[in-house]
Amino acid sequence: MPPALADYTTLRLGGPGARFVEVADEAAIVAAVREADADGTPLLILAGGSNLVVADAGFPGTVLRIASRGIAADGDRLTVAAGEPWDPFVARCVAEGRAGVECLAGIPGSVGATPIQNVGAYGQEVAETIVSVRAYDRERGRVEELPAEACGFRYRSSAFKRTPGRWVVLAVTYALPRQPMSRPVRYAELARALGVAEGETAPLADVREAVLALRRRKGMVLDPADPDTVSAGSFFTNPVLDPDAFAALERRFPDGTRVPRFPQPDGSLKTSAAWLIERAGFTKGHGDPATVAISAKHTLALTNRGAGTTAQLVALAREIAAGVEEAFGVALEPEPVFVGHSWA
Ligand SMILES: Cc1cc2nc3c(=O)[nH]c(=O)nc-3n(C[C@H](O)[C@H](O)[C@H](O)COP(=O)(O)OP(=O)(O)OC[C@H]3O[C@@H](n4cnc5c(N)ncnc54)[C@H](O)[C@@H]3O)c2cc1C
């Protein structure tokens, strides 16, 4: 009997796959994918399970759990197997005095998943340090080394995420030069915590510690003792609006309330999903304390309080999205990947 995927997701939700296979090296990953593709079996690539919302009924196909390991250094470049856990890798880089991922401490999951949604936090994202991604292309049936330019990285997105299932990431190469100081700190809350101005740098270990402390306060570091961490992280991405849509949003606040805005290079404006959710009347803890609720520490995280189901979690997410749409005309999009069901 294959295991329930609830045992493999940070939300602790999801029914079983029809078949469950764990693969520990690149050749075995490629062989398992080829086998599933040869007989047309649906395939779910599962790594840390920290960005997945799996249906209660599970997944009608093979679940391939990526468990490959290995880190190879070549000067500034580190090539890391997809199955390596991400947060210990960040800790190692900081301990070795390598800059570029220090703001991404405390994010759960695997190295191989980081290019999928261009993992980011506190003003840093992996697109800034990824040199290339080695991936098996299921369309062409061959392993390719994709340079960063071919990965189509955007805010919480990539070519991998926009073409789900096409590529299986085998390894990621990052450029992480040795230097004692961080990259310039670009996130106001983090700069304040470090006592530096935005754009200044700080010792790598201090940045990592400050990020971990900020994240723990928001329940964003996995902790078995903290029920607010039984989530998939942020459930919604921050909406990116064109200038007209942003102006329409501002008109919803005739009292002159300043809507949060982060101008993007293409002229669009990113706003804050958490701010919109709070303004629409949803408070921390909203929901049912026995089943599913908004985290008591962070408005963007939806949590399984123990007896929840995926159906209940999705119903809560839809209630929140409908409330924001009605109040402000902005459609929220989920950040995690839905498996065995869909959001749209
Ligand atoms: C408490 C918490 C905090 C979080 N904070 C952040 C944050 O600050 N920033 C952020 O960006 N994310 C955050 N996340 C989301 C999540 O941790 C990241 O998206 C992470 O990269 C997912 O890694 P994973 O190994 O768990 O992937 P999984 O959840 O196992 O998979 C996610 C998706 O990637 C695919 N995938 C995984 N590995 C591969 C592979 N090798 N090849 C092809 N496809 C693959 C899966 O099929 C699935 O579609 C958070 C999650 C939690 C629970």
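The accessible surface of this protein adds up to about 15,000 Å², and 52% of that belongs to carbon and sulfur atoms. Keep in mind that you're looking at a predicted model. Turning from the surface to the inside, buried residues account for 51% of the 344 residues.

**Overall build**
- The protein has eight helices and 17 strands.
- Its radius of gyration is 20 Å, close to the 20 Å that the globule rule gives for 344 residues, so the protein is as compact as a globular protein of that length.
- Line the protein up along its principal axes, and its C-alpha atoms fill a box of roughly 60 × 50 × 40 Å.
- Take the contacts between residues at least 6 apart in sequence: 60% of them join residues at least 24 apart.

**Charges**
- There are 36 positive side chains and 41 negative ones.
- The centres of these two sets lie 2 Å apart.

**A look at helix α2**
- Helix α2 covers residues 86-95, and its buried residues are Trp86, Phe89, Val90, Cys93 and Val94.
- Viewed down the axis of α2, those buried residues fall within an arc of 135 degrees, so they line one face of the helix.
- Their packing partners are three strands, β5 (71-74), β6 (77-81) and β11 (167-175), plus the helix α5 (204-217).
- On the face of α2 turned away from the buried side, you'll find the exposed residues Pro88 and Ala95.
- After α2 comes Gly97, which has a positive phi, near 75 degrees.

Conventions. Residues numbered from 1 in each chain as written. Predicted model: local features only at pLDDT ≥ 70, side-chain atom pairs only at ≥ 80, totals over all residues. Heavy atoms only, no water. Helix = DSSP H or I, 4+ residues; strand = E, 2+ residues; numbered from the N terminus. Rg over C-alpha atoms; globule rule 2.2 N^0.38 Å. Buried < 20%, exposed > 50% of the residue type's maximum accessible area, 1.4 Å probe, protein only. Contact = heavy atoms within 4.5 Å. Areas by Shrake-Rupley, 256 points an atom, 1.4 Å probe, with all protein chains shown as cover. Lys, Arg positive; Asp, Glu negative; His and termini not counted. Charge placed at Lys NZ, Arg CZ, Asp CG, Glu CD. Arc of directions from axis to C-beta.
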